[in-house]
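This report concerns the ligand and metal sites of the structure displayed here. Please keep the sequence and the 3D view at hand while reading.

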Amino acid sequence: MLDKLYRALYRIRRVEEEIARIYSTDKIKSPTHLSIGQEAVAVGVCEALRSTDVVFGTYRGHACYLAKGGDLRKMIAELYGKGTGCAKGKGGSMHLIDVRAGVMGTSAVVGTTIPHAVGYAYAMRLRRQDTVVVSFFGDGAIEEGVFHESMNFAALRRLPIIFVCENNSYAIHAHQLARQPASNIVERARTYLIPAERIEDNDVLRIYGLVKAAADEIRSKQSGPRFFECMTYRWKEHVGPGDDFDRGYRSISEAQPWFANDQLKRLESLLGPQVRERIMGEVEVEIAQAFQFAESSSFPAEEELYTDVFGEAAQWTAS
Ligand SMILES: Cc1ncc(C[n+]2csc(CCOP(=O)(O)OP(=O)(O)O)c2C)c(N)n1
Ligand SMILES: [Mg+2]
């Protein structure tokens with residue numbers, strides 16, 4: 001298990017470092033929100049799921065997409081705006097999807113995938129399937145009305161869903177305590193009678209263990225939703241590849257404990273050098289191939305502007 005978690009963490013970190021490295025060349029055609037520093041949440045959660053389980057994420061979604069098994073080549077091609085991308089080059093970094101892997105979508109609009117996840121969980125309950133649904137969102141999303149409507153409905157219907165709040169303390173440049181009366185997200189989840197837990201330290205092994213137990217319980221006992229508030233930290237600026245500790249809204253001293261608590265380094269130290277080097281080598285080849293795939297793919301044809309605009313079943317009649 002350690003080597004799987006390490007591979008997933010290393011792969012996401014290195015993919016995003018490569019994205020950051022080439023960002024200034026303008027090859028990447030969409031705004032890009034990096035999750036460097038936060039990878040442990042997506043990795044701990046997704047490794048605890050089955051391949052048939054599904055996740056819904058946010059615009060900071062590379063980690064969730066990759067950790068759940070989304071196709072790396074199609075993700076990089078999507079960032080390049082190429083027709084071979086996972087959303088045919090029309091979505092960019094913020095709109096990743098790989099239905100076969102159970103990545104049901106990420107969205108630029110804060111909070112929007114929470115009700116999608118709840119709707120999916122409702123469908124699973126009606127069809128008596130044992131799929132577990134995970135909804136990832138940030139600490140900013142809980143200020144959206146739809147978050148509370150979704151929590152209410154999920155609790156009422158005891159839906160098979162795990163809510164994962166990735167609390168990195170900031171929404172763009174505003175600290176949580178400048179936006180919310182208290183740092184009490186788990187308590188608010190509990191008011192819906194949803195069992196909720198806060199994981200303070202980005203500990204990938206703990207996140208994995210707790211989510212695994214929660215998913216097992218949801219499946220075996222139909223015990224209804226669970227909620228995890230995972231404290232974490234965004235190392236890079238809100239959007240883009242740079243550092244922003246000189247912007248004045250946060251300090252490097254606040255970040256230092258999180259740098260020291262890097263879960264990638266932690267797992268690296270728990271693995272033998274041979275395993276580590278094998279994984280690093282394999283991942284580097286895969287990443288190079290993914291960027292090569294994106295480079296050599298074509299942009300979508302002009303006609304593509306008119307496809308996928310409406311659902312196939314949509315019927316429009318003049319009235
Ligand atoms: C409905 C909506 N309101 C405002 C925005 C502008 N916006 C983009 S990112 C963001 C911050 C969200 O913060 P959080 O949910 O904590 O996620 P993080 O960026 O920290 O991962 C905001 C307000 C938006 N995209 N959608
Ligand atoms: Mg945030």
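In this predicted model, ligand 1 sits in the largest pocket. The shell around ligand 1 is made up of 15 residues, among which Tyr 59, Arg 60, Gly 140, Asn 168 and Tyr 170 come nearest. Sorted by class, eight residues of this shell are nonpolar, four are polar and three are charged.

Oxygen atoms of ligand 1 lie at short computed distances from polar atoms of the protein, including those in the following table.

| Residue | Polar atom on the protein side | Distance to an oxygen atom of ligand 1 |
|---|---|---|
| Tyr 59 | N or O atom in the side chain | 2.6 Å |
| Arg 60 | N or O atom in the side chain | 2.8 Å |
| Ala 141 | polar backbone atom | 3.3 Å |

On its own, ligand 1 has 580 Å² of accessible area, and the protein covers 71% of this area.

The metal site comes next. Which residues coordinate the magnesium ion (ligand 2)? The donors are Asp 139 through OD, Asn 168 through OD1 and Tyr 170 through O, at 2.1 to 2.2 Å. Along the sequence, these donor residues follow the spacing D-x28-N-x1-Y.

Two of the coordinating residues, Asn 168 and Tyr 170, are also among the residues that come nearest to ligand 1. Are these two residues buried or exposed? Asn 168 has a relative accessibility of 6% and therefore counts as buried, the cut-off being under 20%. Tyr 170 is likewise buried, because its relative accessible area is 6%, again under 20%.

Key:
Residues numbered from 1 in each chain as written. Chains lettered and ligands numbered in written order. Predicted model: local features only at pLDDT ≥ 70, side-chain atom pairs only at ≥ 80, totals over all residues. Heavy atoms only, no water. Donors = N, O, S within 2.8 Å, 3.2 Å for Na, K, Ca; no water. Buried < 20%, exposed > 50% of the residue type's maximum accessible area, 1.4 Å probe, protein only. Near = heavy atom within 4 Å. Polar contact = N/O pair within 3.5 Å; in protein donor to acceptor, adjacent residues only side chain to side chain. Areas by Shrake-Rupley, 256 points an atom, 1.4 Å probe, with all protein chains shown as cover. 1 Å grid on protein atoms, 1.4 Å probe; cavity = no way out; pocket = protein on both sides within 12 Å on 5 of 7 lines; lining within 4 Å. Sits in = over half its atoms within 2 Å of the grid points. Nonpolar A, V, L, I, M, F, W, Y, C, P; charged D, E, K, R; others polar.
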